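User: I am new to this structure and would like a close look at a single part of it. Could you take me through the metal site and what lies around it?

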Amino acid sequence: MTIIPVSGGAFAAYEVVVGRGLLAQAGERIAPLARGRTVIVTDETVAAIHAAALTASLSAAGVKSEIVAVPAGEASKSFAELERVLDRLLEIGLDRKDVVIALGGGVVGDLAGLAAALYMRGVDFVQIPTTLLAQVDSSVGGKTAIDTPRGKNLVGAFHQPRLVLADIDVLATLPARQVKSGWAEVLKHGLICDAGFFDWLAGEGSAGAEGDPAALERAVIRSVEIKSAVVGEDEKEAGRRALLNLGHTFGHAVETEVGFDEDALAHGEAVALGCCMAFRYSAREGLCSAEDVARVEAVVAAAGLPTRLDQAGVFGADRLLALMAGDKKAEGGALTLILARGIGQAFVSKGMDADKVRAFLIEEGATA
Ligand SMILES: NC(=O)c1ccc[n+]([C@@H]2O[C@H](COP(=O)([O-])OP(=O)(O)OC[C@H]3O[C@@H](n4cnc5c(N)ncnc54)[C@H](O)[C@@H]3O)[C@@H](O)[C@H]2O)c1
Ligand SMILES: O=C(O)C(=O)C[C@@H](O)[C@H](O)[C@H](O)COP(=O)(O)O
Ligand SMILES: [Zn+2]
């Protein structure tokens with residue numbers, strides 16, 4: 001078991017516990033945080049597989065729990081589901097000393113975290129991430145949000161969890177496509193700031209993309225270390241945290257354009273494609289080498305993830321550009337992109353020239 005602290009002057013420090021068999025220990029770890037009552041927000045798929053182990057563990061530690069389950073999938077990051085969850089918390093009579101537990105992937109974590117941020121102006125919440133993506137990324141750092149038809153994560157709050165329990169064993173039930181989707185965010189962490197980690201992911205560590213638990217555990221630990229360091233320094237994305245958005249300006253626009261249909265394109269797949277696009281754009285600007293681009297594409301493809309826009313569908317350049325202009329990193333109407341001088345050397349690039357980005361999108365296969 002590994003404990004990674006997340007701390008920054010701006011928020012109360014908490015721990016991310018990574019290891020095996022943690023669901024069975026959840027009750028004793030959560031009991032000191034909860035006066036006696038918790039509500040587990042989960043999705044219907046995860047509820048059927050993992051909720052019983054959690055409720056048993058809570059009950060053994062003397063912690064009462066109720067379950068609120070939303071439909072599985074990105075469509076649950078909506079105003080309608082947020083309202084339904086908040087109404088259930090009110091109906092249950094949760095008070096300010098009680099705790100919300102998010103048991104699920106990034107969808108549940110983002111939705112339950114936002115509900116916890118809003119309920120009675122904020123109650124504590126614990127993240128128990130059950131997808132690889134949620135363990136390496138979404139459960140850490142306090143970004144919570146829902147989507148709107150105008151774009152991803154446009155309504156949300158920063159609300160840090162009190163505790164994160166990343167149990168590697170729960171990943172055994174995760175479909176292979178979801179493991180690969182989470183792997184994209186792992187690769188992203190290497191691409192941002194750790195070339196040695198990326199080398200390991202490309203070689204020996206690549207077994208993680210196929211679900212090997214030992215490789216997954218190491219990938220989760222290093223990813224959380226990287227994310228914890230960035231978030232501790234810049235909780236609200238005033239600067240350096242934007243690096244964690246590598247691949248997301250392109251990726252979120254494409255996800256929005258496919259109507260948040262994760263069967264067509266899962267979030268991690270969009271990030272994989274977006275990272276390849278960010279590297280190609282960087283090479284086009286003379287910032288990184290063609291060799292770096294080829295390596296990134298090869299490692300992404302070897303993990304069974306998309307590298308090119310046409311693998312996600314047919315898109316209009318102007319429509320993608322308009323969606324990118326609505327990205328939260330845009331300033332004064334100008335796009336911000338996360339670009340790279342090489343593998344492990346990402347940087348924030350503000351004030352991008354929209355005409356250049358449009359020309360690039362057309363080169364990438366978007367229609368004029
Ligand atoms: N807040 C952040 O910092 C942050 C970071 C990255 C991604 N995100 C968000 O996370 C979301 C994607 O999260 P995700 O990829 O985890 O998707 P998800 O939450 O939709 O989970 C994917 C699928 O796996 C199922 N599932 C979850 N755990 C399982 C398990 N152990 N066994 C079997 N099935 C399981 C779910 O029911 C779902 O059908 C996106 O909305 C993205 O925007 C947020
Ligand atoms: O934690 C962050 O910061 C990230 O950017 C992590 C991303 O992987 C994640 O998808 C996040 O939800 C994107 O945030 P957004 O601010 O671009 O909506
Ligand atoms: Zn992401």
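Analyst: Happy to! One term comes first: a donor here is an N, O or S atom within 2.8 Å of the metal, and since water is not among the atoms, a site may look incomplete. Please also keep in mind that this is a predicted model.

Let's start at the metal. The zinc ion (ligand 3) is coordinated by Glu185 through OE and by His248 and His267 through NE2, at 2.0 to 2.2 Å. Along the chain, the donors of the zinc ion (ligand 3) follow the spacing E-x62-H-x18-H. His248 belongs to helix 9 (residues 248–257) and His267 to helix 10, so this pair ties together parts that are 19 residues apart in sequence. Both His248 and His267 are buried.

Now follow His267 into its helix. Helix 10 has 18 residues and reaches 25 Å from its first C-alpha to its last, close to the 26 Å expected at 1.5 Å a residue. This helix is mostly covered, with 16 of its 18 residues buried. Just after helix 10 comes Gly286, which takes a positive phi of about 75°.

The loop on the other side, between helix 9 and helix 10, holds Phe260. Phe260 has a positive phi of about 55° although it is not a glycine. For background, most residues other than glycine have a negative phi. Phe260 counts as buried because its relative accessible area is 15%, and the limit for buried is under 20%.

Another residue to look at beside His267 is Ser181. Ser181 is found in helix 6 (residues 176–193). Not counting residues up to four places away in sequence, Ser181 touches His267, and also Leu133, Ala266, Gly268, Glu269 and Leu305. With 3% relative accessibility, Ser181 counts as buried.

Helix 6 also contains Cys193, and here the setting changes. Cys193 has 33% relative accessibility and so counts as partly exposed. Leaving aside neighbours within four places in sequence, Cys193 is in contact with Ile226 and Gly344.

Next, the wider surroundings. Of the 82 residues in the largest nonpolar core, Val16, Leu132, Trp183, Phe279, Val357 and Leu361 touch the most other members. Helix 10 gives the most to this core, with ten residues. The core draws at least three residues from each of domain 1 (1–171) and domain 2 (174–362). In soluble globular proteins, nonpolar side chains tend to be buried together. To see one of these core residues up close, pick Val357: leaving aside its neighbours within four places in sequence, Val357 is in contact with Tyr281, Leu321, Met324, Leu335, Leu337 and Met352.

Finally, a word from the records. An unreviewed UniProt entry carries the annotation "domain: 3-dehydroquinate synthase C-terminal" for residues 182–330. That span is 61% helix and 0% strand, and its end C-alpha atoms lie 26 Å apart. The annotation "domain: 3-dehydroquinate synthase N-terminal", also from an unreviewed UniProt entry, covers residues 68–180. Over residues 68–180 the chain is 35% helix and 30% strand, with the end C-alpha atoms 28 Å apart.

Technical notes: Residues are numbered from 1 along each chain as its sequence is written. Chains are lettered from A and ligands numbered from 1 in the order in which they are written. This is a predicted model: local features need pLDDT of at least 70, side-chain atom pairs count only at pLDDT 80 or more; totals for chains, interfaces and linings use all residues. Side-chain values use heavy atoms; hydrogens and water are left out. A nonpolar core is a set of buried Ala, Val, Leu, Ile, Met, Phe, Trp, Tyr and Cys residues joined through side-chain atoms within 4.5 Å. Buried means under 20% relative accessible area, exposed over 50%, partly exposed in between (1.4 Å probe, protein chains only). Helices (H or I, at least four residues) and strands (E, at least two) are DSSP runs, numbered from the N terminus. Domain bounds come from an automatic or database domain assignment. Contact means heavy atoms within 4.5 Å. UniProt positions are given in the numbering used here, feature names are shortened, and annotations may be inferred rather than shown by experiment. Donors are N, O and S atoms within 2.8 Å of the metal (3.2 Å for Na, K and Ca); water is not among the atoms, so sites may look incomplete. The expected span of a helix is 1.5 Å times one less than its number of residues.
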